Amino acid sequence: STGTVVVNCSNGAVTTIGLDQGQNPATGSTGVAPHRRMISGTNFVSYDFYQDSMRTTVWGDIGTTAALSYTSTGILGNTLNVYGRMPLGQDAAVGSYTDSVTATINF
């Protein structure tokens, strides 16, 4: 799946954008190596966000080396892609799974 984060900063502003671990991180999850999970009742499914379309660079939290460094190209509507993936082979119960992740921008 893909989504977007829209950043409104002054042209040329150097920023760092982080995505936190979400509300249901797995044991061992950190800001630099998040192990995000969605929840349905007492059941979980793992997923993650990536900075690149090949899904090789995990998008981590602010203050870590896994946050995205970005230079703004204008005041309005800088749209950054977020690439998501759920690992195959998860044996999850039927249900509606949710999580909430906070994006933080430092400039």
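## A guided tour, starting at Q23

Select Q23 to begin: with a relative accessibility of 60%, this residue counts as exposed, because the cut-off for that word is over 50%. Before you go on, keep in mind that the model on your screen is predicted. Q23 belongs to the loop that runs between β2 and β3. Leaving aside neighbours within four places in sequence, Q23 is in contact with D99 and S100. Now add T102 to your selection: 79 residues separate Q23 and T102 along the chain, while their C-alpha atoms are 9.3 Å apart.

**Colour by confidence**

Switch the colouring to pLDDT. The chain has a mean of 93, and 100% of its residues reach 70 or more. Where is confidence lowest, and where is it highest? The lowest mean, 90, belongs to strand β1 (residues 2-7), and the highest, 98, to strand β3 (residues 36-40).

**Into the core**

Next, select V5, V7, C9, A13, I17, L19, W59, L68, Y70, L80 and V82, and show their side chains. These 11 residues form the largest nonpolar core. Which strands each supply at least two residues of this core? They are β1, β2 (14-19), β5 and β6. In soluble globular proteins, nonpolar side chains tend to be buried together.

Stay with one core member, V5. Beyond its neighbours within four places in sequence, V5 is in contact with N78, T79, L80 and V82.

**S72 and its partners**

Move on to S72, in the loop between β5 and β6 (78-85). Is S72 buried or exposed? With a relative accessible area of 2%, S72 is buried, because that value falls under the 20% cut-off. Show its side chain and look for two partners:

- A polar atom of the S72 side chain lies 3.1 Å from the backbone oxygen of C9.
- The side chains of S72 and N78 are joined by a polar contact of 3.3 Å.

If you leave aside neighbours within four places in sequence, the contacts of S72 are C9, S10, N11, G12, A13 and N78. C9 and A13 may look familiar, as they are among the residues of the largest nonpolar core.

**Rings to look at**

How many aromatic pairs does the structure hold? There is 1. Select Y47 and F49 to see this edge-to-face pair, with 5.4 Å from centre to centre and 75 degrees between the planes. Y47 is buried, at 9% relative accessibility, whereas F49 is partly exposed, with a relative accessible area of 21%.

Then select F44 together with R37. R37 lies over the face of F44, at 3.6 Å from the ring centre.

**A backbone turn to check**

Go to R55, in the loop between β4 (43-50) and β5 (68-71). Its phi is near 60 degrees, a positive value in a residue other than glycine. Most residues other than glycine have a negative phi. Why does R55 count as buried? Its relative accessibility is 19%, and buried means under 20%, so R55 falls on the buried side of the cut-off.

**Last stop: G95**

Finish by selecting G95, which sits in the loop between β6 and β7 (103-106). G95 is partly exposed, with a relative accessible area of 45%. Add S40 to the selection: the C-alpha atoms of G95 and S40 are separated by 6.0 Å, with the two residues 55 residues apart along the chain.

Key:
Residues numbered from 1 in each chain as written. Predicted model: local features only at pLDDT ≥ 70, side-chain atom pairs only at ≥ 80, totals over all residues. Heavy atoms only, no water. pLDDT = per-residue confidence, 0-100. Helix = DSSP H or I, 4+ residues; strand = E, 2+ residues; numbered from the N terminus. Buried < 20%, exposed > 50% of the residue type's maximum accessible area, 1.4 Å probe, protein only. Polar contact = N/O pair within 3.5 Å; in protein donor to acceptor, adjacent residues only side chain to side chain. Contact = heavy atoms within 4.5 Å. Phe/Tyr/Trp six-rings, centres within 6.5 Å; stacked < 30°, edge-to-face > 60°. Lys NZ or Arg CZ within 6 Å of the ring centre and 35° of its normal. Core = buried A, V, L, I, M, F, W, Y, C linked by side-chain atoms within 4.5 Å.
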